[in-house]
Each structure stands twice: as structure tokens, then as C-alpha cells.
Amino acid sequence: MSDLPFTLDQLRILKAIAQEGSFKRAADSLYVSQPAVSLQVQNLERQLDVPLFDRGGRRAQLTEAGHLLLSYGEKILSLCQETCRAIEDLQNLQGGTLIVGASQTTGTYLLPRMIGMFRQKYPDVAVQLHVHSTRRTAWSVANGQVDLAIIGGEIPGELSESLEVIPYAEDELALILPVFHPFAKLEKIHKEDLYKLQFIALDSQSTIRKVIDQVLSRCEIDTRRFKVEMELNSIEAIKNAVQSGLGAAFVSTSAIAKELQMGVLHCANIEGVVVKRTLWLIFNPNRYRSKAAEAFSREILPQFANPGWNQDVLILAQKNIVVTSLDGATAISSGEG
């Protein structure tokens with residue numbers, strides 16, 4: 001085939017329609033008119049000589065050929081973005097972009113502090129923070145849409161061979177109570193006391209809730225015996241509910257630093273129990289690693305790792321994601337053998 005039967009713009013339009021579910025919303029997201037989108041799709045279908053959308057329903061549904069083109073198109077667009085970022089790197093951190101991913105808790109309470117420190121050192125680098133579920137974040141890293149991520153949940157098994165997953169830090173889960181609760185006057189409470197409390201929790205299907213339940217189970221705490229009086233959809237809502245006296249909750253200590261300092265929440269000690277989970281650093285060793293990502297890994301990541309926690313592993317992680325130049329060619333060091 002001497003000439004490609006599609007353009008990058010057509011691939012962008014195809015991807016936008018698939019994401020938005022309609023030609024109109026895709027046009028709005030791309031800041032073009034709907035007729036322009038429709039015309040590009042018609043031209044693309046004529047050039048490929050296959051229908052790409054089933055137009056029978058209310059929502060734009062891809063045909064088998066459409067799914068196939070989208071699959072390859074996303075890879076093509078990802079490589080184009082990677083190419084642009086590699087060229088930007090020639091300016092030696094006088095520009096460029098750093099894209100960091102995170103699961104909900106780390107993205108809300110930990111990453112903004114890390115990014116703030118990075119921006120103070122490198123104000124000319126544009127930084128994006130993508131906060132999603134652990135699963136979606138892991139896929140974004142695997143696909144090259146995110147440079148690196150810090151997550152607290154489990155990585156999808158199908159990505160185990162694509163990603164480097166390295167223990168980064170420990171995140172302690174704290175039992176928080178209203179400051180006027182009777183247990184708040186005690187120096188320590190017992191495990192059995194937990195089953196007397198009324199709990200406020202995240203939705204039972206949320207990833208964070210499942211992670212918390214798993215961690216508590218490892219500490220021989222049976223969450224099935226908890227009296228869950230209320231389920232809310234955000235950690236901020238849970239903190240406010242506890243502060244108002246509606247119940248107790250387990251949340252990450254990183255989420256309550258301000259409230260503890262202000263004295264509006266009580267952090268209870270459970271005798272003989274320290275509830276912790278591992279935070280993981282993930283990246284794709286087979287993707288281009290920008291100088292911005294290298295600097296973030298070298299200068300910012302070590303500052304937020306728990307003191308003494310797997311420092312050797314963190315050093316290895318930094319070596320893993322360094323991009324070195326060999327005779328003008330870009331090579332990614334995997335740190336293996």
C-alpha cells in the first residue's frame with residue numbers, strides 16, 4: 001500500500017467517538033463541528049472500504065473493523081505522543097511534560113505534595129496528574145499514557161509481565177473517631193472493641209474498601225462483624241461524617257494529617273495492632289522515559305518513601321527508569337542482569 005488510507009486526525013476522531021459514544025460529543029471534545037466529524041468518518045470508511053460504525057442504535061457502536069482500527073490507532077497515537085515528548089526532552093527540562101498516575105488515596109493526599117516540590121524545582125515542566133482506580137491507572141502506565149504511578153491496590157494479573165512493580169512505601173490505616181466518643185479518652189482499645197462501634201465506610205464495591213478489608217483481615221480483624229451504618233463515596237465525606245459524630249472509620253493516615261493537627265478527629269490506638277498496606281511504584285520499562293520522569297524519580301520519590309523502607313529497592317527503581325544515550329540511540333536500562 002503506497003499511501004496510508006487514514007490520517008492521524010481521522011484516528012483521533014475515531015478514538016474520540018469510541019470514548020464519547022456519539023459523533024456530537026466527540027466533535028465537542030475535539031472543538032470541531034459535528035458535520036466535520038461525520039465527513040472524516042465517511043472518508044475513512046470509503047478509503048478503507050469497510051463500515052466502522054453500526055449506525056442502527058442511539059449510541060455509536062464500533063463494528064469489528066472499527067474495533068480493530070481503534071486498537072492499532074491507539075498504539076499509533078501513543079507513539080506519536082511519545083515521539084513529541086522525546087523531542088521536547090532535547091530542551092533539557094526547559095519544557096516537556098511529566099504525567100504521573102495514582103489511585104484515589106495517593107492521588108488525593110500524597111501526589112499533590114510530591115508534584116508541588118517538583119514544580120518548584122522545574123517550573124517549566126508541565127505536570128499532569130491522572131487519578132483513577134488502580135486497574136485503570138495500571139493500564140495507562142502499560143499503554144504509555146502515564147510515565148509512572150503510585151498505587152495502593154493490586155495490579156491486574158494480565159499486566160504482570162508488562163510492568164515493573166516495586167514496593168515504595170508503607171501507608172498506615174488509622175481508626176478515626178469523633179473527639180467526643182468515649183473511646184477517645186482511652187489510651188488504647190482492644191480488637192473486640194471494634195465490633196461495638198458503628199462504622200462509616202466506602203461503597204463495598206470500591207477498590208479502596210476492598211484493600212482496607214484485606215489489610216484488616218491480615219491483622220485478624222473480621223470486617224464482616226463491623227456494624228456498617230453508612231456507606232459514602234469519598235474519603236472526605238467519611239472524615240466529615242466521623243467528625244460530626246456519625247461513626248468510626250479506617251482511613252489512610254495521609255488523609256487526616258490536617259484534621260489531627262486541628263484536633264477535630266481522634267486517632268485511636270488498637271492494642272497489639274498496626275494496620276499498614278504497601279504502596280507500589282509502577283512503570284513500563286519498555287516505554288521511553290522522559291528526563292522529567294527521570295528527575296522526578298531521582299529527586300522526589302526518595303523524599304516520600306518511609307524512612308528505612310526498602311531503600312535499596314528504591315535505588316534500583318531509579319536505575320530502572322533512567323534513559324541513557326548510546327551513540328545517539330535511546331536505550332532503556334531495565335536493571336536486570
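Student: Which residues does Ser140 touch, not counting those up to four places away in sequence?

Tutor: To read a contact, look for heavy atoms within 4.5 Å. In this predicted model, Ser140 touches Gln145 and Val146 once residues up to four places away in sequence are set aside.

Student: Where is Ser140 found, and is Ser140 buried or exposed?

Tutor: Ser140 is found in helix α6, which covers residues 134–142. For burial, you look at the relative accessible area, and under 20% means buried. Ser140 has 11%, so Ser140 is buried.

Student: OK, how do I read burial for a whole helix? What about α11?

Tutor: Go through the helix residue by residue with that cut-off. Helix α11 spans residues 291–299, and seven of its nine residues are buried, so α11 is largely enclosed by the rest of the structure. The buried ones are Ala292, Ala293, Glu294, Ala295, Phe296, Ser297 and Glu299.

Student: And how many helices and strands are there in the protein chain?

Tutor: There are 13 helices and 13 strands. Of the 337 residues in the chain, 45% are buried.

Student: Let's do pairs of helices. At what angle do α1 and α3 cross?

Tutor: With a pair, you check the distance between axes, then the angle, then the handedness. The axes of α1 (residues 8–20) and α3 (residues 34–48) come within 10 Å and cross at roughly 110°. Angles from 65 to 115 degrees count as roughly perpendicular, so α1 and α3 are roughly perpendicular to each other. Their crossing is left-handed.

Student: Which residues of α1 and α3 meet?

Tutor: From α1 come Gln10, Ile13 and Ile17, and they meet Val37, Gln40, Val41, Asn43, Leu44 and Gln47 in α3. Sorted by class, this contact has five nonpolar, four polar and no charged residues.

Student: Now α1 and α2. How do their axes cross?

Tutor: Helix α2 covers residues 23–30; its axis and that of α1 come within 8 Å and cross at roughly 120°. That makes α1 and α2 oblique to each other, and the crossing is right-handed. On the α1 side you find Arg12, Ile13, Ala16, Ile17 and Glu20, which meet Phe23, Arg25, Ala26, Ser29 and Leu30 in α2. By class, that contact has six nonpolar, one polar and three charged residues.

Student: What does Ser22 contact, leaving aside its neighbours within four places in sequence?

Tutor: A loop residue is read just like a helix residue: place, burial, contacts. Ser22 is in the loop between α1 and α2 and is buried, with a relative accessible area of 16%. Leaving aside its neighbours within four places in sequence, Ser22 is in contact with Ile17 and Ala60. You can also check C-alpha distances: Ser22 and Arg58 are 36 residues apart along the chain, and their C-alpha atoms are separated by 8.3 Å.

Student: One more thing, backbone angles. What is phi of Tyr31?

Tutor: Here you look at the sign as well as the value. Phi of Tyr31 is near 60°, a positive value in a residue other than glycine. Tyr31 is found in the loop between α2 and α3 and is exposed, with a relative accessible area of 76%.

Student: And where is Asp49?

Tutor: Asp49 lies in the loop between α3 and β1 (53–54). Phi of Asp49 is near 60°, again a positive value in a residue other than glycine. At 68% relative accessibility, Asp49 counts as exposed.

Terms used:
Residues are numbered from 1 along each chain as its sequence is written. This is a predicted model: local features need pLDDT of at least 70, side-chain atom pairs count only at pLDDT 80 or more; totals for chains, interfaces and linings use all residues. Side-chain values use heavy atoms; hydrogens and water are left out. Axes are lines fitted to C-alpha atoms, for helices over the stretch in contact, and angles run from 0 to 180 degrees between N-to-C directions. Helices (H or I, at least four residues) and strands (E, at least two) are DSSP runs, numbered from the N terminus. Angles under 35 degrees count as roughly parallel, over 145 as roughly antiparallel, 65 to 115 as roughly perpendicular and the rest as oblique. A crossing is left-handed if the near helix is turned anticlockwise from the far one by less than a right angle, and right-handed if clockwise. Ala, Val, Leu, Ile, Met, Phe, Trp, Tyr, Cys and Pro count as nonpolar, Asp, Glu, Lys and Arg as charged, and the others, Gly among them, as polar. Buried means under 20% relative accessible area, exposed over 50%, partly exposed in between (1.4 Å probe, protein chains only).
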